[in-house]
Amino acid sequence: MIPIPCWNYIDSGLSYKQRLEWAIMDTFDALSPMYDFPKTLDEVREMVQSPENDFEEIFYGGNGVVANVVKKCGE
């Protein structure tokens with residue numbers, strides 16, 4: 001038997017297959033924190049910095065660090 005978190009997706013408009021897939025993903029999320037090594041703002045900033053970028057925005061989002069990057073157009 002596989003432990004699957006009990007999330008009620010019945011009224012979500014998802015099909016049976018989608019509800020099953022979401023339950024599997026929720027199980028992974030519940031069991032994987034031991035292997036999760038989130039990056040800091042500075043680490044992500046260093047990862048995306050490039051002279052090829054026209055715009056970089058790095059911030060804490062609802063589920064971790066978010067990076068919005070716009071590349072320069074070819075000239």
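Is L20 buried, partly exposed or exposed? In this predicted model, L20 counts as partly exposed, because its relative accessibility is 39%, a value between the 20% and 50% cut-offs that bound this class. The residue lies in helix α1. L20 and Y9 are separated by eleven residues in sequence, and their C-alpha atoms are 9.4 Å apart in space.

**Overall layout**

The protein chain contains two helices and two strands. Read from the N terminus, the order of the elements is α-α-β-β. Of the 75 residues in the protein chain, 12% are buried.

**Helix α1**

Helix α1 covers residues 16-31. With 16 residues, α1 spans 23 Å from its first C-alpha to its last, which is close to the 22 Å expected at 1.5 Å a residue. The buried residues of α1 are A23, D26 and T27. Viewed down the axis of α1, the buried residues fall within an arc of 105°, so they line one face of the helix. On the other side of α1, the exposed residues are K17, F28 and D29.

L20 also belongs to a nonpolar surface patch, together with Y16 and I24. The three residues of this patch have about 340 Å² of accessible area together. I24, like L20, is located in helix α1.

**Salt bridges**

How many salt bridges does the structure hold? There are three salt bridges, and the table gives each pair with the distance between the closest N and O atoms.

| Acidic residue | Basic residue | Closest N and O atoms |
|---|---|---|
| E21 | K17 | 3.9 Å |
| D42 | R45 | 3.0 Å |
| E52 | K71 | 3.9 Å |

The pair E21 and K17 sits within helix α1. E21 and K17 are four residues apart there, so about one helical turn separates them. At 3.9 Å, the closest N and O atoms of this pair fall within the 4 Å cut-off for a salt bridge. E21 is partly exposed, with a relative accessible area of 38%, whereas K17 counts as exposed at 57%. K17 is thus named twice in this helix: as the partner of E21 and among the exposed residues on the other side of α1.

The pair D42 and R45 sits within helix α2, which covers residues 41-48. Here the spacing is three residues, so the separation is again about one helical turn. The closest N and O atoms of D42 and R45 are 3.0 Å apart. D42 is exposed, with a relative accessible area of 55%. R45 counts as partly exposed, because its relative accessibility is 30%.

K71 and E52 form the remaining salt bridge listed, with the closest N and O atoms 3.9 Å apart. This pair links distant parts of the chain, the two residues being 19 residues apart. K71 is in strand β2 (residues 64-71), and E52 is in the loop between α2 and β1 (53-61). E52 is exposed, with a relative accessible area of 52%.

**The strands**

How do β1 and β2 run, and how many bridges join them? The two strands run antiparallel and are joined by eight bridges. They form a hairpin, with two residues between β1 and β2. Among the paired positions, F55 stands opposite V70 in β2, and F59 has V66 in β2 as its bridge partner.

D54 is found in strand β1. Its relative accessibility is 56%, so D54 counts as exposed. D54 and V70 are 16 residues apart in sequence, while their C-alpha atoms are 5.5 Å apart in space. V70 is also the residue that F55 stands opposite. In a regular strand the side chains alternate between the two faces of the sheet.

Definitions and conventions. Residues numbered from 1 in each chain as written. Predicted model: local features only at pLDDT ≥ 70, side-chain atom pairs only at ≥ 80, totals over all residues. Heavy atoms only, no water. Salt bridge = Lys/Arg side-chain N within 4 Å of Asp/Glu carboxyl O. Buried < 20%, exposed > 50% of the residue type's maximum accessible area, 1.4 Å probe, protein only. Expected span 1.5 Å × (residues − 1). Arc of directions from axis to C-beta. Patch = residues over 30% accessible without salt bridge, like charges linked within 9 Å, V, L, I, M, F, W, Y side chains within 5 Å. Areas by Shrake-Rupley, 256 points an atom, 1.4 Å probe, with all protein chains shown as cover. Pairing = 2+ DSSP bridges.
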